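Me: I would like to go through a model together, starting with its overall form and then turning to single residues and a pocket. Could you show it first?

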Amino acid sequence: MKPQTLKALVYRDCRKAMRVSTALHFISELIGGTISILIADRLGSFANSIIGNNLSLGMEQVGPLLICLVISILAVPAFGLLGNWAMLKAAFTHEYMLLERFLDKTYDTATLIEEGEIANRLEDDAIDLRCFWVLILSKLFSLPFRILFVLWFSLRIHPLFTVFVIMIALLKLLVPVLV
């Protein structure tokens, strides 16, 4: 079997085994990202009300703020925990798939690989692949939603503010690259 074909099969196996875990981690990332923005919005509204000496309007913000905090404290870790549990459960299936791929090799091709490298590829590389697969995909899929949510909230403040913040963020990203 060609190395590229084998690599594609290993990635397909990982995608198939880790889909539930990736979905749960995606939900955790999405809730965590949006709820932190909502908490900042509620805190800002609360602070504006208190500074404006409008205590009753400030107290109206306490309920939604507490709900956001409870969601942040309970829901985000719960989905992360369920995602980790699903990853552990699916890891056994993925390990079996990888071992099956290795056992499909002929004796001559299997003996060309050193024992230490076999152990490393079947154990450590598989764990790294699964963890990075779930981490990267969950963050990658949640990023557009989080960016849109931030843009929506910042545009509500002022469009010029949004442009200014984006320019500062780009400057902060580009300066280390250019220096």
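Reply: What follows covers confidence, overall form, several residues and one pocket.

Me: What kind of model is this, and how are residues numbered?
Reply: This is a predicted model, in which local features need pLDDT of at least 70, side-chain atom pairs count only at pLDDT 80 or more, and totals for chains, interfaces and linings use all residues. Residues are numbered from 1 along each chain as its sequence is written, and side-chain values use heavy atoms, with hydrogens and water left out.

Me: What is the mean pLDDT of the chain?
Reply: The mean is 87, and 94% of the residues reach 70 or more; pLDDT is the predictor's confidence in each residue, from 0 to 100.

Me: Which element has the lowest mean, and which the highest?
Reply: Helix 5 (residues 107-111) has the lowest mean pLDDT, 69, and helix 2 the highest, 92. Where pLDDT is low, predicted coordinates should not be read in detail.

Me: How many helices and strands are there?
Reply: The chain has seven helices and zero strands, where helices (H or I, at least four residues) and strands (E, at least two) are DSSP runs numbered from the N terminus. The radius of gyration is 23 Å, well over the 16 Å that the globule rule gives for 179 residues, so the chain is more spread out than a compact globule. That radius is taken over C-alpha atoms, and the rule is 2.2 Å times the number of residues to the power 0.38.

Me: What does the C-alpha trace span along its principal axes?
Reply: The span is about 80 × 40 × 25 Å.

Me: And what share of the residues is buried?
Reply: Buried residues make up 27% of the 179; buried means under 20% relative accessible area, exposed over 50%, and partly exposed in between (1.4 Å probe, protein chains only).

Me: Now single residues. Is Asp13 buried or exposed?
Reply: Asp13, in helix 1 (residues 3-17), is buried, with a relative accessible area of 2%. Leaving aside neighbours within four places in sequence, Asp13 is in contact (heavy atoms within 4.5 Å) with His94, Met97 and Arg101.

Me: What about Arg130: buried or exposed?
Reply: Arg130 lies in helix 6 and is buried, at 5% relative accessible area. With neighbours within four places in sequence left aside, the contacts of Arg130 are Cys14, Met18, Ala91, His94 and Glu95.

Me: Which residues does Leu129 touch?
Reply: Leu129, also found in helix 6, touches Val10, Tyr11, Cys14 and His94, not counting residues up to four places away in sequence.

Me: Where does Asn53 lie?
Reply: Asn53 is in the loop between helix 2 and helix 3 (55-60). Its relative accessibility is 73%, which counts as exposed. Phi of Asn53 is near 60 degrees, a positive value in a residue other than glycine.

Me: Change of topic: which residues line the second largest pocket?
Reply: The lining consists of Ile37, Ala40, Asp41, Val150, Phe153, Ser154, Arg156, Ile157 and Phe161. On a 1 Å grid over the protein atoms alone, with a 1.4 Å probe, a pocket is an open set of points with protein on both sides within 12 Å along at least five of seven lines, and lining residues have an atom within 4 Å of a point.

Me: Which helices supply that lining with at least two residues each?
Reply: Helix 2 (19-51) and helix 6 (115-157) do, with helix 6 giving the largest share, five residues.
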